[in-house]
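This briefing introduces the structure shown below to a reader who has not met it before. Please keep the sequence and the model in view while reading.

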Amino acid sequence: MAKTIMLLHVLFATIWLGGSIYTESLLAGANRSGSPKEAMRTLSSVVRTNDRLFGAAGAGTVVFGFWLVIVTTWEFEMGWVAGGLVLALVAIALAIAFVKPKGQAFNDLIGERGLDDPEVLALGKQLQMALHAQTGILFVALLLMVYKP
Ligand code: HEM
């Protein structure tokens, strides 16, 4: 039973962090193309897909992480468990409070003004910063999970 919960926890975490790293590399490639329109087009589709995929991945990681703590001898008071939980919740809060609404505003603005409007580019920069932060937060959580300091 605990093995299956672990499998599901790690599977959701892999989709979340792996998806985040894949997003970084797609955007890095689009930014390197030298065309701001290309970069904003990529960001526009990434923002929509991430919203759906990462919502499920984040929820699955936390639910099965909680469940693991309940069925094993690990405890919520342990630094690495508490730290992982706080980081996962910060990543989810960032997605709900910032990436989701700003991503919607970004896509609406592209519809109204086009891909190379200065406001679209500025919003795109903010969204990319938030995505970097998310990748960093999830990577630190992975370190806590593996090294259990
Ligand atoms: C935020 C992103 C997270 C990532 C990337 C992640 C990743 C992982 C990975 C890779 C493992 C396997 C480690 C090993 O076998 O040594 C693991 C185990 C575990 N995780 Fe997470 N995790 C995350 C969040 C959480 C949260 C929020 C909780 C608790 C609420 C949690 C609780 C646990 C527990 C209890 C284990 C079992 C450790 C063991 O039995 O060896 N994790 N996690």
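Helices (H or I, at least four residues) and strands (E, at least two) are DSSP runs, numbered from the N terminus. By that rule the chain has four helices and zero strands. This is a predicted model, in which local features need pLDDT of at least 70 and side-chain atom pairs count only at pLDDT 80 or more, while totals for chains, interfaces and linings use all residues. Residues are numbered from 1 along each chain as its sequence is written, and side-chain values use heavy atoms, with hydrogens and water left out.

**The chain as a whole**

- The order of elements from the N terminus on is α-α-α-α.
- The C-alpha trace spans about 55 × 25 × 25 Å along its principal axes.
- Of the 149 residues in the chain, 37% are buried; buried means under 20% relative accessible area, exposed over 50%, and partly exposed in between (1.4 Å probe, protein chains only).
- Contact means heavy atoms within 4.5 Å. Among contacts between residues at least 6 apart in sequence, 76% join residues at least 24 apart.

**The iron site**

- His9 (NE2) and Met145 (SD) coordinate the iron atom of the ligand at 2.0 to 2.3 Å. Donors are N, O and S atoms within 2.8 Å of the metal (3.2 Å for Na, K and Ca); water is not among the atoms, so sites may look incomplete.
- The arrangement around the iron atom of the ligand is octahedral because its six donor atoms subtend angles of 85 to 179 degrees. Four donors count as tetrahedral if all angles lie between 85 and 135 degrees; four count as square planar and six as octahedral if opposite donors are over 155 degrees apart and all others between 65 and 115; anything else is irregular.
- Histidine 9 belongs to helix α1 (residues 2-32) and methionine 145 to helix α4 (residues 118-147), so the pair ties together parts that are 136 residues apart in sequence.
- Histidine 9 is buried, at a relative accessible area of 12%, whereas methionine 145 is partly exposed, at 26% relative accessibility.

**Surroundings of the ligand**

- A residue is near a molecule or strand if one of its heavy atoms lies within 4 Å of it. There are 20 residues around the ligand, of which Met6, His9, Trp74, Met145 and Lys148 come nearest.
- A polar contact is a pair of N or O atoms within 3.5 Å; within protein, one must be able to donate a hydrogen and the other to accept it, and residues adjacent in sequence count only if both atoms are side-chain atoms.
- Histidine 9 has a polar side-chain atom 2.8 Å from a nitrogen atom of the ligand.
- Tryptophan 74 places a polar side-chain atom 2.7 Å from an oxygen atom of the ligand, and lysine 148 also has a polar side-chain atom 2.7 Å from an oxygen atom of the ligand.
- Lysine 148 is located in the segment after α4 and is partly exposed, at 33% relative accessibility.
- Most residues other than glycine have a negative phi. Lysine 148, however, has a positive phi near 45 degrees.

**Helix α1**

- The expected span of a helix is 1.5 Å times one less than its number of residues. For the 31 residues of α1 this gives 45 Å, which agrees with the 44 Å between its end C-alpha atoms.
- Buried residues of α1 include Ile5, His9, Trp16, Leu17 and Ser20. The buried residues of α1 pack against α2 (36-71), α3 (79-113) and α4.
- Serine 20 is buried, with a relative accessible area of 2%. Not counting residues up to four places away in sequence, serine 20 touches Ile15, Phe54, Leu131, Gln134 and Thr135.
- Glycine 34, just after α1, takes a positive phi of about 80 degrees.

**Helices α3 and α4**

- Proline 101 is found in helix α3 and is partly exposed, at 37% relative accessibility.
- The 30 residues of α4 should span 44 Å, and the end C-alpha atoms of α4 are indeed 44 Å apart.
- Aspartate 117 caps the N-terminal end of α4, with a side-chain oxygen 2.9 Å from the backbone nitrogen of glutamate 119.
- Threonine 135 lies in helix α4 and is buried, with a relative accessible area of 13%. Leaving aside residues up to four places away in sequence, threonine 135 touches Leu17, Ser20, Ile21 and Glu24.
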